[in-house]
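Here are some short exercises to work through with the model open in your viewer. Try each one before you read its solution.

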Amino acid sequence: MAIIMEGLTSCPICGSTDLSKPYTATSGGAFPERDELWRYCDAPLHLECLAHWPHRERFSRGYFDLWRDESIRGHGVLLAEAPRWLLRCGPAKPEAEPYYVEVRIADWPMRLYSRWAQWPDYSAQQYRQGLIGEALEAADEVMSEVRKIAPDLESLRALRQRMLFKPASP
Ligand SMILES: [Zn+2]
């Protein structure tokens, strides 16, 4: 998570240090320093500002592709994916339950994150906390799709088993 100091850190889209409005922040840099989007990485971004920001899709896609990438799967397991979202869980021994579940959205740079055991409540309603406007609409649309394949812990476990034990692709 970005290091945010109240009153000092600003949203680079509007330049305001007022972080009383809902915001999100990415972790790590998905763009090289020479890219115009680099300065938006690891910084707080108001949800309101993101809604009308022309770079939102490319920015979000940078992080989305990073998390989709095979090479970082050591950080967790990709459970399922659709064009607009990824469902992942944290790393754990096969016999243990992972610590977290997360949903990444292709066109919003948000991470919808839940402790594994809290997934049923989280995926039903709690994910909406702290979200507003178009960010909330995007989360609602995505979560309604995710719930169809992962409504409860049983379905999460089944998805995980399938991904952990699938034969390696040639
Ligand atoms: Zn802003």
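**Exercise 1.** In this predicted model, decide from its relative accessibility whether Phe31 is buried or exposed. Then describe how Phe31 pairs with Tyr63.

*Solution.*
- Start with the accessibility: Phe31 has a value of 11%. Buried means under 20%, so Phe31 counts as buried.
- Do the same for its partner: Tyr63, at 4% relative accessibility, is buried too.
- Next, the geometry. The ring centres of Phe31 and Tyr63 are 6.5 Å apart, and their planes make an angle of 75°. Planes over 60 degrees apart count as edge-to-face, and that is the class of this pair.
- Now place the rings in the chain: Phe31 sits in the loop between S1 and S2, while Tyr63 belongs to helix H2 (residues 56-68), 32 residues apart.
- Finally, widen the view. Ring pairs connect Phe31 and Tyr63 with Tyr40, Trp53 and Phe59 in a cluster. The whole structure has eight aromatic pairs.

**Exercise 2.** Identify the protein donors of the zinc ion and work out the arrangement from their angles.

*Solution.*
- List the donors: Cys11 (SG), Cys14 (SG), His46 (ND1) and Cys49 (SG), at 2.1 to 2.4 Å from the zinc ion.
- Check the angles. They run from 99 to 124°, and four donors count as tetrahedral if all angles lie between 85 and 135 degrees. The arrangement is therefore tetrahedral.
- Read off the spacing of the donor residues in sequence: C-x2-C-x31-H-x2-C.
- Cys14 lies in the segment before S1 and His46 in strand S2 (residues 44-46), so this pair ties together parts 32 residues apart in sequence.
- Compare accessibility: Cys14 is partly exposed at 42%, whereas His46 is buried at 0%.

**Exercise 3.** Describe the salt bridges of Arg58 with Glu36 and of Arg128 with Asp140: which parts of the chain does each one join?

*Solution.*
- Take Arg58 and Glu36: their side chains meet at 3.7 Å, N to O. Arg58 is in helix H2 and Glu36 in the loop between S1 and S2, so the bridge ties parts that are 22 residues apart in sequence.
- Turn to Arg128 and Asp140, which meet at 2.9 Å, N to O. Arg128 is in the loop between helix H3 (119-124) and helix H4 (133-149), and Asp140 is in helix H4, so the parts tied together are twelve residues apart in sequence.
- Add the accessibility: Arg128 is partly exposed at 31%, and Asp140 is partly exposed at 23%.
- To finish, Arg88, Glu102, Arg104 and Arg111 form one network through salt bridges with shared partners.

Conventions. Residues are numbered from 1 along each chain as its sequence is written. This is a predicted model: local features need pLDDT of at least 70, side-chain atom pairs count only at pLDDT 80 or more; totals for chains, interfaces and linings use all residues. Side-chain values use heavy atoms; hydrogens and water are left out. Donors are N, O and S atoms within 2.8 Å of the metal (3.2 Å for Na, K and Ca); water is not among the atoms, so sites may look incomplete. Four donors count as tetrahedral if all angles lie between 85 and 135 degrees; four count as square planar and six as octahedral if opposite donors are over 155 degrees apart and all others between 65 and 115; anything else is irregular. Helices (H or I, at least four residues) and strands (E, at least two) are DSSP runs, numbered from the N terminus. Buried means under 20% relative accessible area, exposed over 50%, partly exposed in between (1.4 Å probe, protein chains only). Rings of Phe, Tyr and Trp (its six-membered ring) pair if their centres lie within 6.5 Å; planes under 30 degrees apart count as stacked, over 60 as edge-to-face and the rest as tilted. A salt bridge is a side-chain nitrogen of Lys or Arg within 4 Å of a carboxyl oxygen of Asp or Glu.
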